[in-house]
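Student: I should like to take a close look at one part of this model. Could you please describe a single residue and its surroundings, and then relate it to the rest of the chain?

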Amino acid sequence: MRFKTIITILFTLLSVGIEAKTFKTIKNPVAMAHNIPGGELKAREVIFRDTATTVHFTIDYPKGRNFSINSTSFLVDEEGNRYPLRSAEGIALNTYGESTGPKDFTLHFEPMPKKVQLFDYREADNSRAFYLMGIHDQKTKLKTPTIQEIQAKNPYSVPAEWFKTDTITIKGSIEGYNAEQFGFTSMECVFEDVFEKDDATQVLDINPDGTFKKKFQISYPIWQSFHTHDSKVGFDAIPFFARPGETIDITIKKNAQGKYECYYNSGSSKDVERLLKSEHPYQELIFPLAYFEGKFSEMPAIAESTWENMLYLLNNECRDKHYTPFEAQLALADMQTYYSEAVLDYGMYHEMDLMKQELRDGVYYTEILDSVEWKELSNLDNFKLLHRVDFDNPLMLSSSSYSHLLNRVQHATPVRNLVFNSLTLNDDVEMLIYEATSENEVKSMQLSYDGWRQLMGCDHDNLIAQISIHKDFMSRFNGWRQNGWIDDLTPIFANRYTNAYIRQKTEQYYERKMAQKELSTPLPENNVAADLIRSISAKYPGRYLMIDFWGMGCGPCRSAIQSSKDLRTKIAKRDDIKLVFIAEERIAGGSDAYKNYVAEWLADEETICITNAEFARMQELFQFNGIPHYETFTPDGRRVRDDLRFNGYYNFDMYLKELKEKLK
């Protein structure tokens, strides 16, 4: 009896000891952001116990698409402490299933302390993994770190010689490389030096033994990567950071988890290795802003939450990855670049949404769908959210997205409209009439510069504005030289610069272009891309060639092809020139969509389909990243100078006649 009593007491004590104690419960918690494109990840309830932290989730993944929840999931609190997943209910871990609509499931993690006020859910440490950021009680007031606070915690001074023209060398090896097993023999870096007129896609060849080496010129430190679309082993990119004059040595080999990883042996890449190996999840937070489809009046709220979410996540990333001050400042500059581009992207896409275009008889007719909202496109006050960005920060140039931001600033809708609206408008015919004179060129330039200042909230020509001025000069150069204005207008540009390096780049471009005497140049020998052009030229002896580089994913390419069909029918009857269309596709020969498109719009024309890797070699040879891109070749296979080549199909007869006269 006594024995039974003791056993009963022991069981009672044991049951009391293992009973979970609930510290607190958060019902309907708030989260700052998730990364489910087209869907939503939501925490319905969080229960803090001494034995586990339980989160009840609902995921609304796009119907028909497969997804899974990984067993590597964890929670991370505001101090960076991690709490791994223990078990799951309502979902099979590591198992892909097709979404049929909202799904409830529960995850149990190691217990978090009661004091935790804010935490994240992350499925894994990579950019493709799901996350739910900033989960907290509705009553909790969050304090997002400011850009100034992050900078103060990571003090860094930009070196005086940040801008410098020199070459870099990227070299190294891939351990265990086998071309057939890996699926690729080359990689591409889609890089644009903003001080040069032409783009500079770089192709990195992988030797049979896995070694590689590429040398090219840059004008400032760059954060870029070589990548491939054809990898069969999961490894598809070599990120690097390099300053002008450096050699970066990289070894790619399997890590402890059996995955290929980059190990940096020298140069600045080794100094920022943590940054290069990070997945940079803050970049994904930009999509709600970049693709927002509401009105201008609704956009500031989206932009504000995007800014705060990016700062919050970046601050956590600096903490979790133990970034050095330099790495933190580079990441912060990258974040500002993405944010600024997204604000300007909204204006660009919103403009497209507000108009309906119809092609009739080769002419596009435009109908404005909302005249009130259309006027808001020209209101520079709608872009005040850009004023928080330090556009004078030279670190921003290192971002791989800086060239895109520069393009958006140069062609910002409100600045463009500011220039257009100042020109003479003929009310009778409702069309813009612009007389091409040097005086009007000066006027449009000054308006652009004033517009950029207003756009970015500056009382001076900041760094990106001065680079935009330099880019503007290069794009206008050929027209000015042909009209005899070049010597009168060049000083106007030079006098705007306070940055000596940019002034030097403009002067060097002027001198280089003025020294050009040859109207055409021979193609290089021992070059695969050049050999293809030569083979095409040989098929049409005695003819000029006009090459149209295009792709199925390029809307402007297809628009140009479709609107010029009748014109090309006339050009096809000529015996002195041949049009050739070279398209980029993932597979040789092209997809079914490509074949159907060619059959409808390019039937009976010379069409060539090449792979991504082959197209990259064309981009490297002819220095272009964007499409459509056009090149012209003489009957003897020489490349025509950029200011003489065709850039479309309109006024074709006149341009061909002028070209022949000049090349006599």
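Tutor: In this predicted model, K277 is placed in helix α5, which covers residues 273–277. The relative accessible area of K277 is 32%, and K277 is therefore classed as partly exposed, a class that lies between the cut-offs of 20% for buried and 50% for exposed. If neighbours within four places in sequence are set aside, K277 is in contact with E261, C262, Y263 and Y264. Another residue to consider beside K277 is K321: the two are 44 residues apart in sequence, and their C-alpha atoms are 9.5 Å apart in space.

The contacts of K277 include residues of a strand that also takes part in an aromatic pair. Strand β19 consists of residues 260–264, and Y260 of this strand pairs with F235. The centres of the two rings are 6.3 Å apart and their planes meet at 50°, an arrangement described as tilted. F235 belongs to the loop between β16 (222–227) and β17 (237–242), so the pair ties together parts that are 25 residues apart in sequence. F235 has a relative accessibility of 6% and counts as buried, because the limit for that class is 20%.

The pair of F235 and Y260 has many counterparts, since the count of aromatic pairs comes to 46. Some rings are joined into a cluster, in which ring pairs link Y449, W452, F473, F477, W480, F493, Y509 and Y510. Aromatic rings also meet charged groups. K24 lies over the face of F48, 4.6 Å from the ring centre, and the charged end of R568 is found over the ring of Y649, at 5.9 Å from its centre.

Another aromatic residue, F216, lies in strand β15 (residues 211–218). With a relative accessible area of 5%, F216 is buried. Apart from residues up to four places away in sequence, F216 touches D166, T167, I168, F191, Q202, I222, F226 and F240. S438, by comparison, is 222 residues from F216 along the chain, and 37 Å separate their C-alpha atoms.

The backbone also deserves attention. Most residues other than glycine have a negative phi, and most peptide bonds are trans. N526 has a positive phi of about 55° although it is not a glycine; this residue is in the loop between β24 (520–522) and α16 (528–539), and its relative accessible area of 79% makes it exposed. N651 likewise has a positive phi of about 55°, and its place is the loop between β29 (638–640) and α21 (652–662). The peptide bond from I627 to P628 is cis, with omega near 5°, and P628 is located in the loop between α20 (612–622) and β28 (629–633).

Finally, these details may be set within the whole chain. The chain contains 21 helices and 29 strands, and its C-alpha atoms fill a box of roughly 120 × 55 × 55 Å along the principal axes. Of its 664 residues, 49% are buried. Among contacts between residues at least 6 apart in sequence, 70% join residues at least 24 apart. The accessible surface comes to about 32500 Å², and carbon and sulfur atoms account for 49% of that surface. There are 77 positive and 96 negative side chains, and the centres of these two sets are 4 Å apart.

Methods. Residues are numbered from 1 along each chain as its sequence is written. This is a predicted model: local features need pLDDT of at least 70, side-chain atom pairs count only at pLDDT 80 or more; totals for chains, interfaces and linings use all residues. Side-chain values use heavy atoms; hydrogens and water are left out. Rings of Phe, Tyr and Trp (its six-membered ring) pair if their centres lie within 6.5 Å; planes under 30 degrees apart count as stacked, over 60 as edge-to-face and the rest as tilted. Helices (H or I, at least four residues) and strands (E, at least two) are DSSP runs, numbered from the N terminus. Buried means under 20% relative accessible area, exposed over 50%, partly exposed in between (1.4 Å probe, protein chains only). A charge sits over a ring if NZ of Lys or CZ of Arg is within 6 Å of the ring centre and within 35 degrees of the ring normal. Contact means heavy atoms within 4.5 Å. Accessible areas come from the Shrake-Rupley method with a 1.4 Å probe; for residues, only the protein chains shown count as cover. Lys and Arg count as positive and Asp and Glu as negative; His and the chain ends are not counted. The place of a charge is taken as NZ of Lys, CZ of Arg, CG of Asp or CD of Glu.
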